[in-house]
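User: I've got a model open and want to know how its labels are earned. Can you walk me through the reasoning?

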Amino acid sequence: MSPKHVVFKKVSRDKSVAVYMAKRDFVDHCDFVDPVDGVIVIDPAQLKGKKVYVMLSCTFRYGRQDMDVMGVVFRRDLFVVTRQVYPELQDKEKLTHTRVQQKLLHKLGDNAYPFFFEFPDNLPCSVSLQPGPNDVGKKCAVEFEVKAFCGENQDEKIEKQSSVGLTIRKIQFSPENTEVAPFADMTFEFLMSEKPLHVKLTLPKETFYHGEPVKANVEITNSSSRNIKDISLSVEQVTNVVLYSNDKYVKSVAKEETEDSVPSGTTLKKEYTLYPLLAYNKDRRGIALDGRLKHEDTNLASSSIVKQEVLKEVQGMLISYKVVLKMISCCEAVACLSSFLSVLCSEPDDMVFEDFKRVYLKGVVYGDDDESPTEA
């Protein structure tokens, strides 16, 4: 028996327009981005002669809406494009781009009309900073939305009763590079010690995917007169807010603390395993996520890949990761040793169809157009 599918759909309050989409995650493959496609169903009686438009937008929001100070709005539309869907400006056959659209048009009838958008090359991927348990209001985020609405023209004020907005995500996929193995190699010299301490940290590869453990190989040659103890490793997420503020947030998303020691004149070779997962970082304020449709279906944010000739400021927030090795010598802290890596990029699973429904997340207050899908 063939598997059943549920379609992402949402209907406006006055039933004038409804949006049907086959997926909510659109992958940036570095050399191309999955296009946004779907179908809008209209009710001519409810439209009363008005036109129907669909809009794709990318917005950067820094802080809550009530943070606006002296007319300075902490929000910027990075990309907005609007197209008329009804009355159609071209024949439906020319506007239909995908097999999913063809199936939906056949199933939904004569009042169904397709829409299609392509992302420009310079847009960032979806990312949001996780709010704390008691935070209220809008979060700091780069968000994408598909909105359908009706009106006399596309520039008039959008009526909430006659509009419907669906939050989507643009997510990063990075092909695995097996040729690059990140490493850090440092030598420390101590006062009153003739010979140095040599430390090497190596990762087996540069790219790690969501849910994949990070294995780090540590080699310490202690020729000094100091005893080394309390070795610890962590994966640190570095978030740079490059629009408005130049704020920088560094959060440890995985940590392994040990009592391993390296006495003077000895050597340690050991592999440590770290698990950078959102499951271990829930409710931690400031952790960057791959957007957020609902808490359970997102991940730690993927590393930012900025294409050439694209201004970093347009990206809103830049995400990177590093593995940090720390240890303590007798009565003196040894400087940390870090190795940079590109981690937590993933390819989506097979297509799943779900209904959109309003839900409220703990610690997040949604507006009328903030949606999160649940399985029908």
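**How the labels are earned**

Analyst: Sure. Five bridges link strand E2 (residues 17–21) with strand E4 (residues 36–42), and the two run antiparallel. Keep in mind that this is a predicted model.

User: What makes E2 and E4 a pair?

Analyst: Pairing takes at least two bridges found by DSSP. E2 and E4 are joined by five, so they count as a pair. In that pair, Val-17 sits opposite Ile-42 in E4.

User: Which sheet do they belong to, and in what order do its strands come?

Analyst: An open sheet of four strands, in the order E1-E2-E4-E7 with antiparallel pairing. Strands E1 (8–11) and E7 (112–117) are the edges: each has a single partner strand, so one side of each has no neighbour in the sheet. From one strand to the next, the twist averages 20°. Helix H3 (residues 99–108) lies across E2, E4 and E7, at about 10° to E4.

User: Now Asp-290. Why does it have no salt bridge?

Analyst: A salt bridge needs a side-chain nitrogen of Lys or Arg within 4 Å of a carboxyl oxygen. For Asp-290, which is buried, the nearest side chain of opposite charge is Arg-169, 6.3 Å away, so the cut-off of 4 Å isn't met.

User: What does the side chain of Asp-290 reach, then?

Analyst: The backbone nitrogen of Ser-302, at 3.1 Å; polar contacts go up to 3.5 Å, so this one fits. Asp-290 itself is in the loop between strands E18 (288–289) and E19 (317–329). Beyond four places in sequence, its contacts include Ser-126, His-210 and Thr-298.

Key
Residues numbered from 1 in each chain as written. Predicted model: local features only at pLDDT ≥ 70, side-chain atom pairs only at ≥ 80, totals over all residues. Heavy atoms only, no water. Axes fitted to C-alpha atoms, helices over the stretch in contact; angles between N-to-C directions. Contact = heavy atoms within 4.5 Å. Buried < 20%, exposed > 50% of the residue type's maximum accessible area, 1.4 Å probe, protein only. Lys, Arg positive; Asp, Glu negative; His and termini not counted. Polar contact = N/O pair within 3.5 Å; in protein donor to acceptor, adjacent residues only side chain to side chain.
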